[in-house]
Amino acid sequence: MAVNQELVGREFPPTPPYLVGREKVREFARAVFADAPVHLDVEAARAAGFADVVAPPTFAMVIQDLTLQQLLGEPDSGIVLARTIHAEQRFAYTRPIVAGDELTGRLSVTGIRMMGGNAMITSAAEITDADGAHVVTATSVLLVGAEEGAQ
């Protein structure tokens, strides 16, 4: 099955709220070698004007992943995980993510570009806080390889 072109424009329901934990931020920061004190030390974050430790910019992927699981789980998508790679990622922030935030993501498929039997699927996850205020838009491109023999 080829990637379903009718995915373009499809919007998915909001994810359940994700409570950003202080230790999760610290673990993520260590994993990506983000060693700025605001990522690890509450007092340093507060001295910089934040309520708690600040997540590195790529932390938004934690919430975006919840939205991408919805897309990958669509039975009519034509996306075969074994032939899929994460090709591109961008973030557009309104404000940083901090420990204590309760975030929800909502994914929409914004485009599909076919290239030699391969499909590049662009999607945007709008991530908002508990008050519904925009925090970040996480845009990604998934590259789905062509089926065997297709080109």
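The following legends describe an overall view and several close-up views of a predicted model.

**Figure 1. Overall architecture of the predicted protein model.** The protein contains 4 helices and 5 strands, which follow the order β-α-α-α-α-β-β-β-β along the sequence. Its C-alpha atoms fill a box of roughly 60 × 30 × 20 Å along the principal axes. Of the 151 residues in the protein, 40% are buried. The accessible surface comes to about 7,800 Å², and carbon and sulfur atoms contribute 57% of this area. Among contacts with a separation of 6 or more, 69% join residues 24 or more positions apart. The protein carries 11 positive and 19 negative charges, and the mean positions of the two sets are 2 Å apart.

**Figure 2. Helix α4 and its bend at leucine 66.** Helix α4 spans residues 60–72 and comprises 13 residues. The distance from its first C-alpha to its last is 18 Å, close to the 18 Å expected at 1.5 Å a residue. At leucine 66 the helix bends by about 25°. Glutamine 69 also belongs to α4; this residue counts as partly exposed because its relative accessibility is 43%. The C-alpha atoms of glutamine 69 and alanine 47 are 37 Å apart in space, with the two positions 22 residues apart in sequence numbering.

**Figure 3. The buried residues of helix α4 and the strands that cover them.** The buried residues of α4 are Ala60, Ile63, Gln64, Thr67, Leu68 and Leu71. An α-helix has 3.6 residues a turn, so residues three or four places apart point the same way. The cover over the buried residues of α4 includes β1 (18–19) and β2 (84–93). It also includes β3 (102–115), β4 (118–128) and β5 (134–144).

**Figure 4. Surroundings of serine 123 in strand β4.** Serine 123 counts as buried because its relative accessibility is 1%, under the 20% limit for that class. Beyond its neighbours within four places in sequence, serine 123 is in contact with Leu68. Leu68 is itself one of the buried residues of α4. The other contacts of serine 123 outside that sequence range are Leu107, Ser108, Val109, Thr110, Ala138, Thr139 and Ser140.

**Figure 5. Serine 77 and leucine 81 in the loop between α4 and β2.** Serine 77 is buried, with a relative accessible area of 2%. Leucine 81, in contrast, counts as exposed because its relative accessibility is 60%, and the limit for exposure is over 50%. Leucine 81 and threonine 137 are 56 residues apart in sequence, and their C-alpha atoms are 23 Å apart in space.

**Figure 6. Phenylalanine 33 in the loop between α1 and α2.** The flanking helices of this loop are α1 (22–31) and α2 (37–40). Phenylalanine 33 has a phi near 60°, a positive value in a residue other than glycine. With a relative accessibility of 74%, phenylalanine 33 counts as exposed. A separation of 35 Å lies between the C-alpha atoms of phenylalanine 33 and serine 77, which are 44 residues apart along the chain. Serine 77, at the other end of this distance, is found in the loop between α4 and β2.

Technical notes:
Residues are numbered from 1 along each chain as its sequence is written. This is a predicted model: local features need pLDDT of at least 70, side-chain atom pairs count only at pLDDT 80 or more; totals for chains, interfaces and linings use all residues. Side-chain values use heavy atoms; hydrogens and water are left out. Helices (H or I, at least four residues) and strands (E, at least two) are DSSP runs, numbered from the N terminus. The expected span of a helix is 1.5 Å times one less than its number of residues. The bend at a residue is the angle between axes fitted to the seven residues ending there and the seven starting there. Buried means under 20% relative accessible area, exposed over 50%, partly exposed in between (1.4 Å probe, protein chains only). Contact means heavy atoms within 4.5 Å. Accessible areas come from the Shrake-Rupley method with a 1.4 Å probe; for residues, only the protein chains shown count as cover. Lys and Arg count as positive and Asp and Glu as negative; His and the chain ends are not counted. The place of a charge is taken as NZ of Lys, CZ of Arg, CG of Asp or CD of Glu.
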